[in-house]
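Me: I am new to this structure and would like to go through it slowly, asking at each step what a term rests on. Could you set each value against its definition before concluding?

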Amino acid sequence: MMEFILGKYNYLVCILLMMIGFYAMIAKENLVKKVIGLNIFQTAIFLFYISVSYMEGATAPVVWQGQEGVLYGNPLPHVLILTAIVVGISMTALALGLIIKIYQEYGSIEENRILELNQLEEEQNLKRAGR
Amino acid sequence: MEIIESTKPIYAILISFFATFLIAFAARSPNLRESWTVIAALIKFGIVMSMLPIILAGKTIEYNLLTVMPGLDIAFRVDAFSMFFAITASTLWIVTAFYCIGYMRSLKEKHQTRFYMCFALSLSAALGIAFSANLFTMFIFYEMLTLVTYPLVIHSQTAEAVKKARRYLVYLLGTSIVFQLTAIVATFYFAGTLEFIPGGILAGTASDMVIVVIFILFIAGIAKAGIMPFHVWLPEAMVAPTPVSALLHAVAVVKAGVFIVIKILLYVFGVDLLAELGLGLALAFVASFTIIAASVIALQKDNLKARLAYSTVGQLSYVVLAVSLLTPAAIAASLMHIMVHASSKITLFFTAGAIYAATKKKKISELDGIGKQMPLTMIAFTVGALSLIGVPLFAGFITKWYMATGAIEAGHLIFVGVIIISSMLNAAYFLPIVRAAFFKPLPEGEHPKVKELSGYTAFTVVPLLITAVMVVALFFVAPWVMVLAQLVVASVIGGS
Amino acid sequence: MIANIIENIPGLVVLIVIIAASLIPLVGKSRPVLAWGIAVIAAFLSFIMSLYILNVVMTTGKIRYWFGNWEPPWGIEYVFDPLSAFVLTLVSFVGFIVLVYAKKSLEAEIDPERITYFYALYMLFIGGLMGVVATGDIFNLYVFLEIAAIAGYALIAVGRRREALMASFTYLILGTIAAAFILIGIGYLYMATGTLNIIDLAVILPEIYQSKVVLIAFAFFTVGLSIKIALFPLHNWLPNAYTYAPSVTSIVMAAIATKVGAYVLIRVMFTVFGPEFELTVVHVTEVFLVLSVVAMIIGSVLAIAQTDIKKMLAYSSIAQVGYITLGIALMNVTGLTGSIMHILNHAIMKACLFMVVGAIVYRTGITHIHDFVGLGKKMPYTMAAFTIGALSMIGMPLTVGFVGKWYLTLGSLEAGMWYIIPVILVSSLLAVGYLWRLLDNIYFKQPENASELKTVKAKEAPLAMLIPTCVLALLCIVLGTFAYLPISIAEEAAKVLLRY
C-alpha cells in the first residue's frame, strides 16, 4: 500500500491540487478567488502532463554528435503544456478583465451580492412594466 | 387497372394556392378579390370534373411529384374514391364562395382578405388530401389544413376566439403529431412503404399486437374525423364565421378526417386484416357510441350552430360505422354519405348563417315564427333536416338504407338498431326547430317582413336554396353515384 | 499559382478566417466598415472553400491534409470525412450569413469603438470552431476549442446590460472546467497510446479497451463535452449567456457553438473510441438516452415558463440538444443520421429565429413576449420568417425539422426503443405550446390599449437584416423539401462513423 502511494505520489499531488482548485471555483463567492481556483486547477493538469513525461536521470532532448544512446525526456508533453499555459493565461486575463468590469458595474465582486442585485433589477423592471 | 400519368391533380390543388396571391394583391378592391375566389372555384371544379370520365372508365391518374427523403414521396393518385371527396369539396366551394360574399359583407367583418386567402388555401389542402397517393403526402396536407384553418377559426380575434382556436390547434395538431405521426413511422418501419394500396400494406408485416396498436394510434390521430373522445375541437371551432363552419367544419375538414379514416382502413390495413383481428367491429362500436352520445348532447344545445356541430359529430361517425362493417353495401353507403351529409349539413349551416346575418339570432329558442320572416330559408332548412333524419325523397334515405342493408349483411343487427335510434334522435333535435319556425307566432314587436332577398342577404339565401335542391337531386341521381362507389368497392374487396 | 491554392484549400479554409481575425484590428481600427468588409470577404471565401471540400469528400472520399507537409504523427494534419466536411460547411455558412446581418445589428447594440474588435473576436470564434471541425489532432482540437471559447466569452460580455458580464463569467468558469476535463482526457489517452493523432488513436485504442486509463479518459471526455453542449443537467451556463449577449452573439452561439460541441462528442465517441467501445465496454449510451429524454422534456417545459423571448429560445436549445444526443445514444445509422440532420436543422432554424429577435430588438428594443402584439402587421416579412422557423422547430413536414425527427423516430424503432417515440413527439408538442403563444401575440391578439403598444413605431427590418433572415427561412423549407441531398451526406457520415 505504502509503496503504491509513494510510487504514484505525483498523481496524488495532482489530484489534491485539482480538488483544491475545483473547490475554490465552485464554493468561493469571491470572483477573484474563483479565478485563483481556476488557475490552481489548470496548473495541476499541467503538472500531471509534465510528471508523466519525467524519467529518472533523463536530460533535455538535445542530442549532439557523439552522444548517442542518451536517455532524454519526452519533449511532446512539455510542448503541449506550453500551449496550454498560453491558453490558461489568456483565460485568466479575460476573467480578470471581466471582474474589473463587473466591479465597475456592480461595486462588488461577491457572487451572491451580484445575483441579488440582478434579481432586484428584474423585479423593478417587472414592476415598471406593470405586470 | 390502367394508369394514366397526368399533372391534372396538381393543377387542381395549386389553382386555389395561386388564387391566394391574386386575392392578396386585390386586397384593396373587394369586388376583384371575391371574383378571384369565384373564378378559382370554377376552374378547380372544371379540372376535377374533367378527371371524372377517366375515372368512370375504370382508370386511375397518377403523378409522382418529388422524392423528399428515401421512401417518402410526394405523389398523387386519383381514383374513384378520391373523386367522392374532391367533387363534394369543389362543388360546394363554388356555392360557398357566393355565400361568403353575402355573409361577410352584410356583417361587415374585418380581415376579409386574410379570410379569403386562408379559405382558398384550405381548399388546396383538402384536395391534396383527396388526391394523395401515400400517407406522407396525406400527412403534409393534413397538417397544412389544420394550420390554414387556424386563422379562420380565430377570425374575430376576441378573447373567446383566441382561447377556442388554441384548443382547436392543440387537439388537431397534438393528436396528429403524437398519435398519427407515430402510427405513420411505425407503418413505414414495418411495411417498408407508405403507399395506399387497395387491400392494405400492413398485412403479415408485424405481430397482431403491433397492428392493433398502430390501428388505435391512427384512429386517435385523426381527430378531424371527430370520433369521441377526440371531437371536442369541432364545437369549439364554431366560433368561426358561419361560411367557415359550413364549408370547412361540415365539409372540407371533417370530411377529410373521415376520408382519411376510410383510406387508412381500406388501403393501409385492408378489409381482410381488419376482419381477421376484429378491429372493424371494435371501431363500429366506438362509432355507434359517438353517434348516440353526440345526438343526445345535440338535443341539449340551444345555440343553433352548436346543435349542428354535435349533429356533425354524430353524422361523421355514420361514415365510420358504415365502413367498419366491411361489407360491400356498407362501404358504398359510407362513401355516399360523405356527399349526402356534406350537402345536407352545408344547407343547414347556410341557414343558420343567413338567419344570423339577417336577424342576428343565434339561439334556437329565438327562432319562433322565423318561417314567416324567411320562408325560403326555413324551407331549405327543413329539406336538410329531413335528409339527415333519413326520410325518403331526400338523399339521406339512400345512405341509411344501404347502411342498414350492410349491417344485416355483416350479421350485426345491433347496428341496425343504432341507426334507427339515432334517426329518432335526429328527428328529435331537428323537427322542433322546424315546428317553431313555421307554427309558432313571432315574438311581440317583430315585423313579419324581413327582406329575405334583398342586398347582400340574397347572396346568403340563394346558395342555400341551391344546396337544398342538390339534396333532393342526390336522391334521384343516386344510382349513378353508386356506380362510382361500386368501383371503389370492387377495388378494395375484389381481391379477396 | 491557382493549382497551388487549390491544393492547399483544406488548410486555407480555416487559416483565412484566422488571418482575417488578426488583420481586422490592424486595418480597421478607426473604420469599422473596413473591418466588416474584410470579415465578410474572408467568411465568404471560407464558405466557398468548404463547399469545395464537401464536394471533393463526397465524390472522392476522405481528405488528409498535412500542414507544411509534415507527416503525422510529427506534424498536425487536417482530416475531412463526410461528417467534418458537412459540419464545416454549416459553420462557415452560418458564420458568413450572420456577418452580413451583423453590420446593422451591431451598430445599434455595441459602442462604436468596440465594433472593430467585435469583428476580430467574431472571426476568431468562427475560425476556432472551424478548426475544431477540421483538425485531425486531438490536442489541436482542444486548442481550437479554447480559442473559440475564449472569443465566445468576450463576445457575450459586450452585451448591453450588465447581466451579460456575470453570464459571461459563469460561462467562463464552467467552460474552463469543461476544457480542463477534456485536457485531462487527452493526457490519459496520450499516456495510454503515445499518440495524439485521431486516426492513430482509433487504430491503437481497440487493443487496450479494457485498460482503466482509457476508461477514465473517456469519462473525462464525456463530462467535459456534455458541459460544452449544455446537455441537461449541465446546462446552467446557457440560458443567461444567450439571453444577455448581443443579438449577433446569440445567433451565432445558438446556431453553431453547441453544434460543434456535439460534433466533437460524435467524433470522440465514434471515431476516437469507436462504436465497439460504447457497445461493449462502457454502457454510456443508456446514460445519454436518459439525459436526452429528460433534456427534451425539461427544456421544453422551462421554455414554456419563460416570458423573455431570448430566454425562451435558449431553453428550447437545451431541449434540442437532447434530440441530438438522443440520436447519438441510439447507436444505429438511422438514429445518427437523424442526429446529424438535427444539427443542420437546429443551426439553420435557431439562427433564423434569433435573427428575427435581433431585428425586433433593432426596431423596438423589446424582448418580452407580451409586448409583441401587432408585430405581424408591422414587420410582415420578418414575422413570416419567424413562422417558418417556428414550424421547423415544431417539425412540420416539408421543413427541415421534420427530417431530423423522422429519422430519430425511425431510429428509435430500429433500436427497439419504441418508448422513446412519445417523448420525441410530446417534446414537439410542447414546442407548439411555447411557439404558438408567441405567434398568437404576433398575429391575432387584439391590443387592450392601442396607445400603450410598444410596437407602434416598429417597421420592417432593414434589408441587410431581412435578407439573411429570409434566406435562412427559405433554407428551412428547401432543405426540408429536397431533403435528399443533405440526407445522403448525413447518412454517408453516419455509416462512416459506425464503420459500416
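Me: What makes the pairing of A:Glu121 with C:Arg162 a salt bridge?

Reply: This is a predicted model, and in it the closest N and O atoms of A:Glu121 and C:Arg162 are 3.1 Å apart. The term asks for a side-chain nitrogen of Lys or Arg within 4 Å of a carboxyl oxygen of Asp or Glu, so the pair qualifies. Across the interface of chain C and chain A the rule finds 1 salt bridge.

Me: How do you know which chains touch one another, and which chains share the most contacts?

Reply: There are 2 pairs of chains in contact, and of these chains A and C share the most contacts. Contact calls for heavy atoms within 4.5 Å, and by that test 34 residues of chain C meet 42 residues of chain A. Chain A and chain B, by comparison, do not touch, their nearest C-alpha atoms lying 19 Å apart.

Me: What is the buried area between chain C and chain A, and which residues of chain C supply the most of it?

Reply: Chain C and chain A bury about 3,400 Å² between them, and carbon and sulfur atoms account for 76% of it. On the side of chain C, the three residues C:Arg162, C:Met166 and C:Phe169 supply 21% of the area buried against chain A, more than any other three residues. The size of an interface is often given as the accessible area lost when the parts come together.

Me: How many polar contacts are there between chain C and chain A, and which elements of chain C take part in this side?

Reply: The count is 5 residue pairs in polar contact, with both residues at pLDDT 80 or more. The elements that give two or more residues to the side of chain C touching chain A are H6 and H7 of chain C, and H7(C) provides the largest share, 18 residues. By class, this side holds 23 nonpolar, 5 polar and 6 charged residues.

Me: Turning to the other interface, what makes the meeting of B:Arg166 and C:Asp440 a salt bridge?

Reply: The side chains of B:Arg166 and C:Asp440 meet at 2.8 Å, N to O. The cut-off is 4 Å between a side-chain nitrogen of Lys or Arg and a carboxyl oxygen of Asp or Glu, and therefore the name applies. The rule finds 1 salt bridge across the interface of chain C and chain B, where 6 residue pairs, both members at pLDDT 80 or more, are in polar contact.

Me: Which parts of chain C form the side that touches chain B?

Reply: Helices H17 (380-394), H18 (400-414), H19 (420-444), H20 (463-481) and H21 (484-498) of chain C are the elements that give two or more residues to this side. H19(C) gives the most, with 11 residues, and the residues of this side divide into 23 nonpolar, 5 polar and 4 charged.

Me: How many residues does each of these two chains bring to the contact, and how much area is buried there?

Reply: Chain C brings 32 residues and chain B brings 34 residues. The area buried between chain C and chain B is about 3,000 Å², of which carbon and sulfur atoms give 81%. In chain C, C:Trp406, C:Leu425 and C:Phe444 lose the most area to chain B, together 23% of what that side buries.

Me: What volume does the largest cavity have, and why is such a space called a cavity?

Reply: The largest cavity has a volume of about 120 Å³. The word is used because a 1.4 Å probe fits at its points but cannot get out. Its lining includes C:Phe125, C:Tyr171, C:Lys228 and C:Trp237, and the lining residues divide into 8 nonpolar, 2 polar and 1 charged.

Me: Which chains line the second largest cavity?

Reply: Residues of chain A and chain C line the second largest cavity, among them A:Gln42, A:Phe46, C:Tyr142 and C:Glu146. Its volume is about 40 Å³, and the largest share of its lining, 4 residues, comes from H7(C).

Me: Where does C:Pro233 lie, and what kind of peptide bond leads to this residue from C:Phe232?

Reply: C:Pro233 lies in the loop between helix H9 (212-228) and helix H10 (237-244) of chain C. The peptide bond from C:Phe232 to C:Pro233 is cis, with omega near 0°. A cis peptide bond also joins B:Met228 and B:Pro229, with omega about 5°.

Definitions and conventions
Residues are numbered from 1 along each chain as its sequence is written. Chains are lettered from A and ligands numbered from 1 in the order in which they are written. This is a predicted model: local features need pLDDT of at least 70, side-chain atom pairs count only at pLDDT 80 or more; totals for chains, interfaces and linings use all residues. Side-chain values use heavy atoms; hydrogens and water are left out. Buried area is the accessible area (1.4 Å probe) that two parts lose on being put together, summed over both. A polar contact is a pair of N or O atoms within 3.5 Å; within protein, one must be able to donate a hydrogen and the other to accept it, and residues adjacent in sequence count only if both atoms are side-chain atoms. Ala, Val, Leu, Ile, Met, Phe, Trp, Tyr, Cys and Pro count as nonpolar, Asp, Glu, Lys and Arg as charged, and the others, Gly among them, as polar. On a 1 Å grid over the protein atoms alone, a cavity is a set of points where a 1.4 Å probe fits but cannot get out, and a pocket is an open set with protein on both sides within 12 Å along at least five of seven lines; lining residues have an atom within 4 Å of a point. Grid points are joined across faces, edges and corners, and a volume is the space filled by probe spheres set on the points.
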